[in-house]
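Welcome! Have the structure open beside you, take the exercises in order, and try each one before reading its solution.

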Amino acid sequence: MTAKKKKKKNRLIMRTSILLVLVGAIAFTIYNGVTKEKNDLLQVGDMAPDFALTDLNGERHQLSDYKGQGVFVNFWGTWCKPCEKEFPLMEKQYQVYKDQGVEILAVNIAQSDYEVRQFAEQRNLTFPIIIDKDKSVMEAYNIRPLPTTLLVNSEGKIEKIITGEMSEEDIQSYMEQIKPAEL
């Protein structure tokens, strides 16, 4: 192969490589744009999507059944260390606010009843723990990191979306925020 042909071949390889990188960058940008739109679907002020899930005692909990109450919807997993730290704090505040019109729905993401029951019993949790077995609620709410908590007011609208671990002061403040004015 002559030097001229070698140069031409190298130039072709370089141009093809640059073209592939550009196509990849464009595809990534389009994918991110589509994904971002999906993540931004739920915002503060939106109506919380209704769902119905069963708790560890076989009782059905439908979000719309809690209209008139504030609902603290917490998405979690037993393997999630921040979730584990929050639960005793949530339980403590639940005991204060449950008679003031605030309910907690702890939505576990697709773990077995056995794992979730063991976790709840070891921590003496009394609020409803429901399992999203097929992750449909997680997908409807576009939940990414765990824990994620949504504050739903008495009218069924999202007041706040919290990602990450909460302190006891945070939990108390959030429950106060969604406590109905009249009971």
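The exercises below look at one helix and some salt bridges in this predicted model.

**Exercise 1. Find which residues of helix 3 are buried, and explain which side of the helix they occupy.**

Solution.
- Step 1: Locate helix 3, which spans residues 113–122.
- Step 2: Pick out the residues with under 20% relative accessible area, since that is what buried means here. In helix 3 they are Val116, Phe119 and Ala120.
- Step 3: Look around the axis. These buried residues cover an arc of only 95°, so they sit on the same side of helix 3.
- Step 4: Recall the geometry. An α-helix has 3.6 residues a turn, so residues three or four places apart point the same way.

**Exercise 2. What covers the buried residues of helix 3, and which exposed residues are on the face turned away from them?**

Solution.
- Step 1: Search around the buried residues. Their cover includes three strands' worth of names to tick off in your viewer: strand 3 (70–76), strand 4 (102–109) and strand 5 (129–132). Helix 2 (81–97) is also part of the cover.
- Step 2: Turn to the opposite face. There you meet Tyr114 and Gln122, which are exposed.
- Step 3: Follow the chain onward. After helix 3 comes Asn124, with a positive phi near 55°.

**Exercise 3. Which residues form salt bridges with Glu84, and where do these partners lie?**

Solution.
- Step 1: Begin with Lys81. The closest N and O atoms of Glu84 and Lys81 are 3.3 Å apart, and the two residues form a salt bridge.
- Step 2: Place this pair. Both residues belong to helix 2, three residues apart, or about one turn of the helix.
- Step 3: Move on to Arg123, whose side chain meets that of Glu84 in a salt bridge with an N to O distance of 2.8 Å. Arg123 is in the loop between helix 3 and strand 5 while Glu84 is in helix 2, so this pair ties together parts 39 residues apart in sequence.
- Step 4: Put the pieces together. Lys81, Glu84 and Arg123 are linked in a network of salt bridges.

**Exercise 4. Is each member of this network buried, partly exposed or exposed?**

Solution.
- Step 1: Glu84 has a relative accessible area of 25%, and is partly exposed.
- Step 2: Lys81, at 55%, is exposed.
- Step 3: Arg123 counts as partly exposed, with 22% relative accessibility.

Technical notes. Residues numbered from 1 in each chain as written. Predicted model: local features only at pLDDT ≥ 70, side-chain atom pairs only at ≥ 80, totals over all residues. Heavy atoms only, no water. Buried < 20%, exposed > 50% of the residue type's maximum accessible area, 1.4 Å probe, protein only. Helix = DSSP H or I, 4+ residues; strand = E, 2+ residues; numbered from the N terminus. Arc of directions from axis to C-beta. Contact = heavy atoms within 4.5 Å. Salt bridge = Lys/Arg side-chain N within 4 Å of Asp/Glu carboxyl O.
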